[in-house]
Number of protein chains: 2
Amino acid sequence: MKQYLTINEWSIIEDGFHPEYNKISESVCSIGNGRMGQRANFEEKYSGETLPGHYVAGIYYPDKTRVGWWKNGYPEYFAKILNAPSWIGIDVEIDGEVLDLATCQVQDFRRELNMREGYLERTFRAQLPSGKLVEVSSLRFTSIADDELGAIRYAIMPLNFSGSITMAPYLDAGIKNADANYDERFWLPIAREVEAGSGYITAETKKTAFQVCTGMRLQLEKDGTGVETTLELIEREDFISNRITAPVEEGEQLVLYKYAAVVSSENYANNKLIIACNLALDRAVQIGFAEMLNAQAAVWAEKWQDSDIIIKGDAAAQQGIRFNIFQLNQTYTGEDERLNIGPKGFTGEKYGGTTYWDTEAYCLPFYLATADQQVARNLLVYRYKHLPKAIENAQKLGFTGGAALYPMVTINGEECHNEWEITFEEIHRNGAIAFAIYDYIRYTGDAEYLNQYGLEVLVGISRFWAQRVHLSNEKNQYVMLGVTGPNEYENNINNNWYTSTIATWTLEYTLSALQQVKQSAPARYAELRQILNLDEENESSKWQDIINNMYYPVDEKLRIFLQQDGYLDKEQILVKDLDPSQRPINQKWSWDRILRSCFIKQADVLQGIYLFEERYDADTIRRNFDFYEPRTVHESSLSPCVHAILAAKIGDEEKAYDFYLRTARLDLDDYNNDTEDGCHITSMAGTWMSVVKGFGGMRVLKDQLHFHPFIPKQWQSYTFKIKFRGHQIDITVTQATIKIINQADKPLAFFLYGNPQNIAANNILNISRQIPA
Amino acid sequence: MKQYLTINEWSIIEDGFHPEYNKISESVCSIGNGRMGQRANFEEKYSGETLPGHYVAGIYYPDKTRVGWWKNGYPEYFAKILNAPSWIGIDVEIDGEVLDLATCQVQDFRRELNMREGYLERTFRAQLPSGKLVEVSSLRFTSIADDELGAIRYAIMPLNFSGSITMAPYLDAGIKNADANYDERFWLPIAREVEAGSGYITAETKKTAFQVCTGMRLQLEKDGTGVETTLELIEREDFISNRITAPVEEGEQLVLYKYAAVVSSENYANNKLIIACNLALDRAVQIGFAEMLNAQAAVWAEKWQDSDIIIKGDAAAQQGIRFNIFQLNQTYTGEDERLNIGPKGFTGEKYGGTTYWDTEAYCLPFYLATADQQVARNLLVYRYKHLPKAIENAQKLGFTGGAALYPMVTINGEECHNEWEITFEEIHRNGAIAFAIYDYIRYTGDAEYLNQYGLEVLVGISRFWAQRVHLSNEKNQYVMLGVTGPNEYENNINNNWYTSTIATWTLEYTLSALQQVKQSAPARYAELRQILNLDEENESSKWQDIINNMYYPVDEKLRIFLQQDGYLDKEQILVKDLDPSQRPINQKWSWDRILRSCFIKQADVLQGIYLFEERYDADTIRRNFDFYEPRTVHESSLSPCVHAILAAKIGDEEKAYDFYLRTARLDLDDYNNDTEDGCHITSMAGTWMSVVKGFGGMRVLKDQLHFHPFIPKQWQSYTFKIKFRGHQIDITVTQATIKIINQADKPLAFFLYGNPQNIAANNILNISRQIPA
């Protein structure tokens, strides 16, 4: 845990130079616009510790690395979003001496991620080895108003000398991934051009043959006017640069504007890339840096209007939650249904930038409540478009008749993870994808989605579950052998309560969805029967039989749901009794030791209770919570939020707040000592849920909003904003009151602590908090 | 299954050119001498299907390939014996036209591995695209009399023209592994020299920095006399060659002798390699090709004298068993305790040429019975020398106090396999290493081995087992969770009967070994107590407690040992009821499907019964055999031999013979469709065991040999040869009689069908077979 960043409600600020934490600062100050993003690397050369990172959404490499030999059915590659050609670089020389903060005395260093307006700023003074002192400021952003563009303003001023300053803005396609096995390069340079003040470079990914064209335009000013320069054009196979040298007097500021465009073959034909890149640069230059920055601030102001959480009385918590919301909004904008949310977003290479069940289980509720309905819908359509590949994937594993198994990790619908216990056995993700459909319709009321897309997915998944179970002769019930639950600290177990539960839930929901479509859209139903080759009677009755006769492990003595068969044979130790030097166990213990211990990465059973809480009474929830929570090490960043929500549900407000704290500043305080690899983007949505579903107690039941708010005693107030079926609602909870603003032109009916409430159009409800006993 | 090879009792013969099977022929005709070996690649260029392979024992590369991210405690690399610089190459041109069998009309092609004398011979006529016809014969071997040497005689004769023939013998260090991930090269050229008639090239492995110096000397003759040639020396960074051109008349034979030496930094200082290589080449040239070949035949005659199995009445069986014995003898000679037996020997890259439990569980009995005691002993010393690394390995997994976990796959004592379910959980190998000590002493009577080496290993392994179990509260017995047994079609299971059985057996044996050493060598015992930091009382009583209170799964109804907890919850299907199109399941099914099926790769329980058969009565053996055998798919080449031995044991002679047949010609007939990757060397020892322990019923009990021979009704007779405590014994079994020759200068006492027998020194016992009912 590190606390070197300045607490500020709207910015992440590194005040003073912390080269030892540079990679952490690079992660947390990352910027992105849904289409591309980058770590907060320095523009100028830096020979100290750094992890260069620039990513273009959807541009991946299928790494075919084999270790030993593979088990049959393994995916053919391991996808990774590539570190892409970089446009931020500006080499700087002062009278021929390279500016490199690793070799300078650095003063007044400040790096700030301004979340309110969406830009990254850096200022510092550097004394070079020669003694020359310069003042530098840079400001850059990836435009969220025009997602093909980025821009940098880089200013430098000599403080104790006059001389010549060289700035060499460049485009570099000679980049590698940090995780490259043999330092291999994944990009082939295809085309380039460099002229005075502009240039582009097109590179192609190996194997996948995506092309990315990156261009730049340059403007140099000295104290706001033009400047006499000497120019050298540099051109190598994978690199172009304008090397611009200008005389500068002491106290004069030399300012470089570098506009960049990134376009890819995802959106243009290869032979149109250069034109598209140039058109984008034309737009940038025409608007100009200041106006681009204004537009950036305006879009962010809208995003904050829709999704902000305001916490009064706790600036660290305020900063933490805003950081999470900012990252979620800059990672996924919902404008392209082919894109999704990588666990590290645009902040690092880890997890390959690919899609996990995190999207459905953790991220969807955030986008549902804070963005246009279309944004969440596109997350669902992403999976719908992958349905044929999910069916193919299931076929590879021996399933038939249109059964669909969605991949655990994917970029284009194909499975691309290669640990068998996850790829083949962590099949609960299939349930999460079904649940997301339910969750989306529950929240939006968009039942039409079932007709158009949802039912096909549900039937595919239900067919998978129906084949994945078998009737045990011993038990005379259906069992599901050889699975891995969300608690990945158990592998290849039998009858995982969570997986079996979400499996039969899927069957139930699919049966009801079939009826809904049949009744509401008989023609479409007939069409779907054809498309799906549905044997309604036999399939339905098989599914109903499984629903009726599924085996779920329980312990009658403890009156709890049992995580899996045989869990109680393990040595039962509580986390509090574990030597703290042994934690986190995933860094201290070998895998076999973790597997045979009773410790839980994230609690399966509690995850199931969270999803299906309306099925369980408070005592059942409490008994299971009290059994599993003390055994849970929360070594998944996805774990604490579910515990926070359940703790809130059973009225344990202090625990709820404790769990919230674990995630809210996870990356800002480098809690898990891994922020340098990138930020935990998907778990940030869990933090949002801790506040809205946990503290706010927000639920949607039978088409209506419910709230059960409480407020941590450490806070003065908190406000969260949600969209719900055409309403924009702000909910503010103080220690004494609840204020709900209905910003819509129609009245809002909802439930507060179980009591029906109404607010007229564009009106406010102020109510004192009287929590029922 | 392919049957294109000619049945011959002493040779493997490919008669007629089978380019479609070339890689298979290359595998089965591989030659080696324990120190180096090579696939039967052509000397001249070949543009058809081929898998080049030349291997130097002990020279490996630590592949650090990472896939995604690794679990904590994983080994740091995956070792592989490298494809090494090759010395066999001789490019041939006829009047400038390249000789390449892929572009010629090939006539009278014959490739023969002569197993009796240990060489590879190839003859053919080739009509080149120009119409020119040549006759070629080549003969080569890796010298088993001087294991740094190899030699080739390559002769070529024009049949329908006179012209110039170019032979360009070369050394090539520019080789790659076929399994290289990115076509990366693992060798760096270090030094080279080429002169008229000689040359060498030294190359160094990346990362491990092993150096190998490969040298050649050349002699050219035309019809037994000298020849006028023009010579061009070719030298590239990783390649040297003499390009020799000579005029040849129709019907004249041009003969090239190429002597090669391979020396490595395993045996010489780097700066002495060139000298050592030259000295070796001096020896070769001095002795000359014909004498080297005679010496080769002489050493092989001795090996056959010691280890042959002679089968009358079944030439295919004869060829099969000799092939197995030949491969075992050329893979491991026991002269260097740092070496071991890779699953593919010198015949291919697969399995990385590394050491598995195969050595102890399958290979040891062969070398024990057919070679000097020192050979088997060196296999044990190999593990003794690795004990510190095994302790370190256990420490990495959280074990303490000198507990040792031997690696599943190793080259120098470090674990270098990276599938967690194997590396961390297939811990039964530790038991096999303990059992090998017992097996060695049981066979040889060399109890002194315990004092010198064995006890330390046993204590280390016992300490591991004692920490790997825990007392279950539920069962009030010791349980062992999260293991993978020899049946690798179950992963991460609880209470694997085999592993638990061999664990407590190890504890028992260690306790008795402690007493033996204490009594026989009290001073050494005192010393060992110090070395081992042995807390005799506490450790012994803990071990005894585990022995007394271990939990073993059984099914009371079926009266069988249960492979693992919960095995009977699986859908019970017999192999005979499995659709043949679904087999082998490891090629047809995904891993999860295999895991949740009841099908067994090799039967755990039967493996345990085989090792500890004296504990079980015939009914128990039969019940377990009858239950597990029908569920076993034998998709490990190590599986059938154990079934053959047990079938023989319970008197099911036909089944024993059936199981024997599955392995005896596994590679010759390409039974598993994978011989092109290399031969199944370690399982060949299992085939030997099927005959000697299965058909011959050989056992050693209380320092005495026992035989219970039967003979398959398809055979006239079979003879096997064993060494036992200074005796050389030949046992011949016919349909009617048994003949046992005691070749030692001392009498031999033993048991035949349970009855004591004696044979005087250098005498013969002839007895008619009267098998007790």
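Which residues does Leu387(B) touch, not counting residues up to four places away in sequence? In this predicted model, the answer is Ala404(B), Tyr406(B), Glu456(B) and Val457(B). Leu387(B) itself is found in helix α7 of chain B, which covers residues 387–396, and because its relative accessibility is 6%, where buried means under 20%, Leu387(B) counts as buried. A separation along the chain can also be set beside one in space: Leu387(B) and Ile493(B) are 106 residues apart in sequence, and their C-alpha atoms lie 27 Å apart.

Another part of chain B shows how two helices pack. Two packed helices are described by the angle between their axes and the distance between the axes. For helix α10 (residues 448–468) and helix α13 (residues 536–548) of chain B, that angle is about 55 degrees and the axes are 10 Å apart. Angles from 35 to 65 degrees fall outside the parallel and perpendicular ranges, and α10(B) and α13(B) are therefore oblique to each other. Their crossing is left-handed. On the side of α10(B), the contact is made by Val459(B), Ser462(B), Arg463(B) and Ala466(B), while α13(B) contributes Glu539(B), Lys542(B), Trp543(B) and Ile546(B). By character, the residues of this contact divide into four nonpolar, one polar and three charged.

From helices we turn to strands, beginning with β30 of chain B, residues 748–752. In a regular strand the side chains alternate between the two faces of the sheet. Along β30(B), Leu748(B), Phe750(B) and Leu752(B) point to one face and are buried, whereas Ala749(B) and Phe751(B) point to the other face and are not buried. Strand β26 of chain B (residues 704–707) pairs with β30(B) in the parallel sense over three bridges, and within this pairing Leu705(B) stands opposite Phe750(B). Strand β31 of chain B (residues 755–759) runs antiparallel to β30(B) and is joined to β30(B) by five bridges, with Ile759(B) as the bridge partner of Leu748(B). The strands β30(B) and β31(B) form a hairpin with two residues between them, and in the turn Tyr753(B) has a positive phi of about 50 degrees.

A further sheet in chain B is an open one of four strands, in the order β3-β4-β5-β6, with antiparallel pairing. Its edge strands are β3 (31–32) and β6 (78–83), each of which pairs on one side only. The partner of β3(B) considered here is strand β4 of chain B (residues 36–38), with which β3(B) pairs in the antiparallel sense over two bridges; there, Gly32(B) stands opposite Gly37(B) of β4(B).

Conventions. Residues numbered from 1 in each chain as written. Chains lettered and ligands numbered in written order. Predicted model: local features only at pLDDT ≥ 70, side-chain atom pairs only at ≥ 80, totals over all residues. Heavy atoms only, no water. Axes fitted to C-alpha atoms, helices over the stretch in contact; angles between N-to-C directions. Parallel < 35°, antiparallel > 145°, perpendicular 65-115°, else oblique. Left-handed = near helix turned anticlockwise from the far one by under 90°. Contact = heavy atoms within 4.5 Å. Nonpolar A, V, L, I, M, F, W, Y, C, P; charged D, E, K, R; others polar. Buried < 20%, exposed > 50% of the residue type's maximum accessible area, 1.4 Å probe, protein only. Pairing = 2+ DSSP bridges.
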